[in-house]
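User: Please take a close look at the sheet of this protein and at what packs and connects around it. I am a first-year student, so I would like each term explained where it comes up.

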Amino acid sequence: MSGDPRLRLYIAHHGDAVGPHENPMRPLSSKGQQQVQELAAAAAARDAKPQIIWHSGKLRARQTAEAYRHACNPLAQFAAVRGLLPDDPPAWIADRLLAEAGEVMVVGHMPHLPRLLCLLLAGDPDAPTIEFPANGVVCLEEQAGVWAERWRISPASR
């Protein structure tokens, strides 16, 4: 791609969360809090500066989104939005992104995020060849309707 992308999208999976037996609200575990802080710092070091951060509204996703907001852009618009729950159709967010420009981050859950990634990159939410890093973040850029992956960070790659 030449020139600046129309949209840079960061797709982030929430950090490691406690089990439902420990806390039904499923906040981030201490390991998850550490992972998210490290990944958010690594994303900031790659010049991630989303103007908008959307999360699913679930506590673990909100906590993850807050860490990215703190590290990458404390002035980012921040909201829980429809379309980021585990079983939501990925087309809901893909359609919503058509109206955006600049840098946007979405923070959500499996299996939704891998399906969104496959939809954007392959045109098929069930494409078998594209994996999503658990508890990680993937950066995509869109220009003239074509999406390309720019980088990815996972806890294992840290």
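Analyst: Helices (H or I, at least four residues) and strands (E, at least two) are DSSP runs that are numbered from the N terminus. With that in hand, A45 can be placed in helix α1, which covers residues 30–45. The model is predicted, so local features need pLDDT of at least 70 and side-chain atom pairs count only at pLDDT 80 or more, whereas totals for chains, interfaces and linings use all residues. Residues are numbered from 1 along each chain as its sequence is written, and side-chain values use heavy atoms, with hydrogens and water left out.

A45 counts as exposed because its relative accessibility is 64% (buried means under 20% relative accessible area, exposed over 50% and partly exposed in between, with a 1.4 Å probe and protein chains only). Although A45 and C72 are 27 residues apart in sequence, their C-alpha atoms lie 8.6 Å apart in space.

Now to the sheet itself. Six strands make up an open sheet with mixed pairing, and their order is β3-β2-β4-β1-β5-β6 (two strands pair if DSSP finds at least two bridges between them). At the edges lie β3 (77–80) and β6 (146–153), each of which pairs on one side only. On average, and with direction ignored, neighbouring strands of this sheet are turned by 20° against each other (axes are lines fitted to C-alpha atoms, for helices over the stretch in contact, and angles run from 0 to 180 degrees between N-to-C directions).

Strand β2, residues 52–55, is a good place to read the pairing residue by residue. Strand β2 pairs with β3 in the parallel sense over four bridges, and within this pair I52 stands opposite Q77, while I53 has F78 as its bridge partner. Strand β2 also runs parallel to β4, to which four bridges join it, and here H55 stands opposite V107. Both faces of β2 are covered, since I52 and W54 on one side and I53 and H55 on the other are all buried.

Strand β4, residues 102–108, holds E103. This residue is buried because its relative accessible area is 12%. Leaving aside residues up to four places away in sequence, E103 touches R8, Y10, D47, A48, K49, P50, Q51 and I52 (contact means heavy atoms within 4.5 Å). In the case of K49, the backbone nitrogen lies 2.8 Å from a polar atom of the side chain of E103.

Helix α4, residues 112–122, packs on the sheet, where it touches β1 (7–13), β4, β5 (137–143) and β6, and its direction makes about 155° with that of β1. The buried residues of this helix are H112, L113, P114, L116, L117, C118 and L120, and what covers them includes β1, α3 (90–97), β4, β5 and β6. Just after α4 comes G123, which takes a positive phi of about 80°.

Charged side chains add another kind of connection. A search of the whole structure finds seven salt bridges (a salt bridge is a side-chain nitrogen of Lys or Arg within 4 Å of a carboxyl oxygen of Asp or Glu). The strand residue E103 returns here, as R8, E103, E141 and R150 are linked in a network of salt bridges. Within this network E141 and R150 form a salt bridge, with their closest N and O atoms 2.9 Å apart. E141 counts as buried because its relative accessibility is 10%, whereas R150 counts as partly exposed at 40%.

Two further salt bridges can be followed in the model. The side chains of E149 and R152 meet at 2.7 Å, N to O; E149 is partly exposed, with a relative accessible area of 29%, and R152 is also partly exposed at 32%. In helix α2, E66 and R62 lie four residues apart, about one turn of the helix, and they form a salt bridge whose closest N and O atoms are 3.0 Å apart. E66 is partly exposed at 34% relative accessibility, and R62 falls into that class at 31%.

How values were computed. A polar contact is a pair of N or O atoms within 3.5 Å; within protein, one must be able to donate a hydrogen and the other to accept it, and residues adjacent in sequence count only if both atoms are side-chain atoms.
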